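Me: Please take a close look at the surroundings of the ligand, and then work outward to the charged pairs and the surface. I would like the cut-offs stated where a term first comes up.

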Amino acid sequence: MKREEDFEALARSAMERAVAYRTGRHPPRPTADLETLRARFSIPLPEEGLAGEAVLAALDAAAEGGLTANTQPDFYAWVMGASHPVGVVAEWLATSWGQNAGTYNTAPAAATAEDAVSRWLLELLDLPRESSVGFSTGATMASTICLAAARSDVLAQAGYCLEQEGIFGAPRITVFLGEEAHATIYSGLRYLGFGDRDLASIPVDEQGRMQPAALRRALQGHDGPAIVVCQAGHMMSGDFDPVGEIADIAHAHGAWCHVDGAFGLWSRTVPELVSLCPGAERADSWAVDGHKWLQIPYDSGFAIVRRADAHRRAMNTSASYLGEAPWGARTPSQFCPELSRRARGFAAWAVIQSLGRQGIREMVQRHCNCARQLATLLREEPGVEVLNRVVLNQLALSFGPGLPEAERNRMTDAVAAHLARQNRVFLECANWRGRRVLRVSVISRETGPADIDFLAGEISAAVRAVSAREYPPGQHRPGSVTAGPRD
Ligand SMILES: *Cc1c(COP(=O)(O)O)cnc(C)c1O
């Protein structure tokens, strides 16, 4: 930006563009294809700088149609939040202030806001109040941070100082995790130096939940340092590993218990749902997202570690040039890998304050009610099968029950393709337990019962359209076939 440029005019222009976007209605799926976006963005490197307003206008025009409308209530794909408006404007302030949240001295207000948010989180999620909290980009990094603390701690228990001796001569650590652990857990473990041979896969049930008896057997036959990774909120079924029980089993064998609770841990804010995740507070570390159910703008995640000393040992950055913080002040870089980074605590502080405990509870409860409402509506629909028991906010759908498996998968893809062409709701497919499934994640801030009625109608219409095309009258119709190879 050129020095003489007026920040006020630029900020107002950005604000007007943002307001136009957020108050407008957009097709939930991007409509611009890769070629179009490339043609707009991949312009020759400018020699001369442009005026700020021209850059802003160019950016707005280039991104047009290339945006995923996850800020809208008709978005059900993956597991994503909607960037709460209060978080967005708090983020504007934070970037305007230009704070570097690496240390207390570089950004005292940011460090103090993080401290306050940490306490709120422990209270909201009812986790041990002595835990330390690292502010990360998301649950992937939050789990990675927690697992780094776990790695250091279980090695220390085995009499090996990782910080002194390094990873290469260390005793082998075995990581026990459910067969359906989230893909990002494997990424985190890889960054930390674990290979496939270090992993022990524990069988899960039809909802994807780790079987505690199988874990107990596996740990009984094991000697040496161990970490157990469990999951609160399965990305297909939304269901929970029996986290408290798993933590007890892990501890009986001297293992560290980490919980991937990216979205599911927020169920602990709702009295009617706390029974889904009993005893989660007995684990040693927890990864949870801010940018999913809490709706904080991207990116926001929290690495929560019961033993702050293990957390610090794994992450601490210290150097004389960074100076000393006042006694008792938070040093953010002790709890995450980065030194310089943006001040994530401000938006988190603003969003939690804007929602309040009641607002968070109401939203999580409403989304779970919506998921059940959708399951009820779809179960009445011939040709649709809800594969999971709907305990949280996730549904896994399959189409053409009774058809041979391959045809059923084809039908599921065809229904998904129809919905994508209509582009009135956004859903995505995945593979689960050897089957193609259409996933529904009810997690967007404003989604409510009327949106779910609309979604159910869209899905039913898609099933009817695909059935009529693929199975014209007189032929088998999905749902009316009496037996397929699988049934
Ligand atoms: C989304 C998710 C992750 C990854 O979180 P990011 O915020 O995308 O890094 C990990 N585990 C579970 C269960 C998730 O749903």
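Reply: **The shell around the ligand and beyond**

The shell around the ligand is made up of three nonpolar, six polar and three charged residues, where Ala, Val, Leu, Ile, Met, Phe, Trp, Tyr, Cys and Pro count as nonpolar, Asp, Glu, Lys and Arg as charged, and the others, Gly among them, as polar. This is a predicted model, in which local features need pLDDT of at least 70 and side-chain atom pairs count only at pLDDT 80 or more, while totals for chains, interfaces and linings use all residues. Residues are numbered from 1 along each chain as its sequence is written, and side-chain values use heavy atoms, with hydrogens and water left out.

The residues surrounding the ligand (a heavy atom within 4 Å of it) are Gly138, Ala139, Thr140, His182, Thr184, Gly233, Asp260, Ala262, Phe263, Asp289, His291 and Lys292. Three of these residues make polar contacts, that is, pairs of N or O atoms within 3.5 Å; within protein, one atom must be able to donate a hydrogen and the other to accept it, and residues adjacent in sequence count only if both atoms are side-chain atoms. A side-chain N or O atom of Thr140 lies 2.5 Å from a ligand oxygen, a polar side-chain atom of Lys292 is 2.8 Å from an oxygen of the ligand, and Ala139 contributes a backbone N or O atom at 3.0 Å from a ligand oxygen. Of the 380 Å² that the ligand exposes when taken alone, the protein buries 85%; such areas come from the Shrake-Rupley method with a 1.4 Å probe, and for residues only the protein chains shown count as cover.

Turning to charged pairs, the structure holds 36 salt bridges, each a side-chain nitrogen of Lys or Arg within 4 Å of a carboxyl oxygen of Asp or Glu. One of them joins Asp153 to Arg307, with the closest N and O atoms 2.8 Å apart. This pair links distant parts of the chain, since Asp153 sits in helix H6 (residues 139-157) and Arg307 in the loop between strand S7 (301-305) and helix H11 (308-315), 154 residues apart. Helices (H or I, at least four residues) and strands (E, at least two) are DSSP runs, numbered from the N terminus. Asp153 is buried because its relative accessible area is 6%, whereas Arg307, at 31%, counts as partly exposed; buried means under 20%, exposed over 50%, and partly exposed in between (1.4 Å probe, protein chains only).

Another bridge pairs Arg344 with Asp299, at 3.2 Å between the closest N and O atoms. Here, too, distant parts of the chain are linked: Arg344 is in helix H12 and Asp299 in the loop between strand S6 (285-289) and S7, 45 residues apart. Salt bridges with shared partners also join Asp153, Glu163, Arg307, Asp309 and Arg313 into one network.

At the surface, Met15, Val19, Val86, Val89 and Trp92 make a nonpolar patch of about 380 Å². Patches consist of residues with over 30% relative accessible area and no salt bridge, like charges being joined within 9 Å and nonpolar side chains (Val, Leu, Ile, Met, Phe, Trp, Tyr) within 5 Å. Helix H1 (7-23) and helix H4 (85-97) are the elements that give two or more residues to this patch, and H4 gives the most, with three. Val19, found in helix H1, counts as partly exposed because its relative accessibility is 43%.
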